[in-house]
Amino acid sequence: MPELNLGELDITSDEFILDEVDTHIQANLEDELVKEALKTGVDLRHYSKQVETELQHIEHASIKDYIKESRNIASLHNQITACDTILERMEQMLSMFQCDLSSISSEIQTLQEQSITMNIKLKNRQSVRSELSQLVDELVIPNSMITTVLETSVTEQQFLEQLHELNNKINYVKEQSFKETLACSDVQDTLDRLKIKAVSKIREYILQKIYSFRKPMTNYQVPQNALLKYRFFYQFLLANERHVAKEIRDEYVDTMSKIYFSYFKSYTNRLMKVQYEEVADKDDLMGNRNTIFTLGNRGNVISSSELEAPIIVPHAAQKSDTRYPFESLFRSQHYALLDNSCREYLFLCDFFMVTGNSAQDLFNAIMGKTLTMFLKHVHTYIADCFDSIAIFLSIHIILRFKTIMAKRNVPAVDK
């Protein structure tokens, strides 16, 4: 009869519990082989020996199979060992590859940092290059400029162009000198010499034009137009040699003041010689002499066609023995003043670059003596004048001329 499997049941223990025995017995009874043996009524002891014998046979057979397959097992063992070796090598290679990747990643990061640094340096150098390029271009004095300023006539277009360039370089060097740019000292001496030469040539040219105004029978508008063509000359002097600019302005003011005074004094004296000889006096009464106190066509002098008509030429009138009433002479005299004043005022604003009160002061310095002479002449004439029509028409002429001056935007003689 087969032995009953009581497991690890300790029957010698004082704590023997029957419940545990039941549990082991129940577990053995659940075994399939035990169930089969109990069903067939087999002797369990005999069945146990039989099973043991079968197990021994199976064990011997298994050993024979193992011995038979020993070569294959050895080969498999060798292959497993080789695979372990290969896998170990692959593990080492992957570890090295991982280290290389870490190194490459570090190098890439380093390269990125270097690239950023180089990019910043490039931008800085480009910025510096731009600044340095402008600095060098502005500081370099080309030979063409030196030759032109020294040798070319001031009336040549090339001289004017190089003068503009020279003025730009002078201003740039001044600006950089305030920033303590050391390179400015390298060109300062050359620029100063060129400036002195240019100022000398310009001064000589402008003074010659001003002196040409003084020649008898000279149409001063021609040299004035020539000066306007080279108005930058005075601007250059004003920016670089103010005392020379002042000298030229004072010379122009003195010259034109004398010219205008002489011209208008002579013109006024000659103009009064072609006035009607028959004039009203204090003994005449209104209506007694129709030729004196009759308006007739005298009012035409303030019409649009007559108001801005050409001025009277005294010697031509004397030659044709033509006579005029006082209002016609007054219109001719003051229209000449209006025309010359407008032209002179605009010239001063344009050439001497003045506006507002500065322009008015400069104009008064030139035309002051002439205007005083005009006022004195009018006061003298009115003091002994009894021709009320002439005075009335003269007042209207002045009002019309003020309107014309306003249209021309010239406030020079408003007062």
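Tyr230 is tucked away in this predicted model: the residue is buried, with a relative accessible area of 8%. What does Tyr230 pair with, and is that pair stacked or edge-to-face? The partner is Phe233, and the two rings are stacked, 5.1 Å centre to centre with 10° between the planes. The 10° angle counts as stacked because the planes are under 30 degrees apart. Phe233 is buried as well, at 1% relative accessibility.

Now for another ring pair, Phe264 and Phe374. These two meet edge-to-face, 5.4 Å centre to centre and with 70° between the planes. Why does this contact matter for linking the chain to itself? Phe264 sits in helix H10 and Phe374 in helix H15 (residues 356-383), so the pair ties together parts that are 110 residues apart in sequence. Both ends are hidden: Phe264 has 0% relative accessibility and counts as buried, while Phe374 is buried with a relative accessible area of 3%.

Here are the two pairs in brief.

| Pair | Centre to centre | Angle between planes | Geometry |
|---|---|---|---|
| Tyr230 and Phe233 | 5.1 Å | 10° | stacked |
| Phe264 and Phe374 | 5.4 Å | 70° | edge-to-face |

Those are among the 20 aromatic pairs in the structure. Ring pairs also link Phe213, Tyr234, Tyr252, Phe347, Phe351 and Phe352 into a cluster. There's a charge over a ring too: the charged end of Lys369 sits over Phe261, 4.9 Å from the ring centre.

Stepping back to the whole chain, the secondary structure comes to 16 helices and zero strands. The protein has 415 residues, and 31% of them are buried. Take the contacts between residues at least 6 apart in sequence, and 74% of these join residues at least 24 apart. The exposed surface is about 27,900 Å², with carbon and sulfur atoms supplying 55% of it.

How far can you lean on the coordinates? The average pLDDT is 83, and 85% of the residues score at least 70. Which elements have the highest and lowest mean pLDDT? Helix H10 (residues 242-272) has the highest, at 94, and helix H11 (residues 290-293) has the lowest, at 52. As noted above, H10 is the helix that holds Phe264. Over residues 1-7 pLDDT stays under 50, and the model gives that stretch 16 contacts beyond four places in sequence. Where pLDDT is low, the predicted coordinates should not be read in detail.

Definitions and conventions: Residues are numbered from 1 along each chain as its sequence is written. This is a predicted model: local features need pLDDT of at least 70, side-chain atom pairs count only at pLDDT 80 or more; totals for chains, interfaces and linings use all residues. Side-chain values use heavy atoms; hydrogens and water are left out. pLDDT is the predictor's confidence in each residue, from 0 to 100. Helices (H or I, at least four residues) and strands (E, at least two) are DSSP runs, numbered from the N terminus. Contact means heavy atoms within 4.5 Å. Rings of Phe, Tyr and Trp (its six-membered ring) pair if their centres lie within 6.5 Å; planes under 30 degrees apart count as stacked, over 60 as edge-to-face and the rest as tilted. Buried means under 20% relative accessible area, exposed over 50%, partly exposed in between (1.4 Å probe, protein chains only). A charge sits over a ring if NZ of Lys or CZ of Arg is within 6 Å of the ring centre and within 35 degrees of the ring normal. Accessible areas come from the Shrake-Rupley method with a 1.4 Å probe; for residues, only the protein chains shown count as cover.
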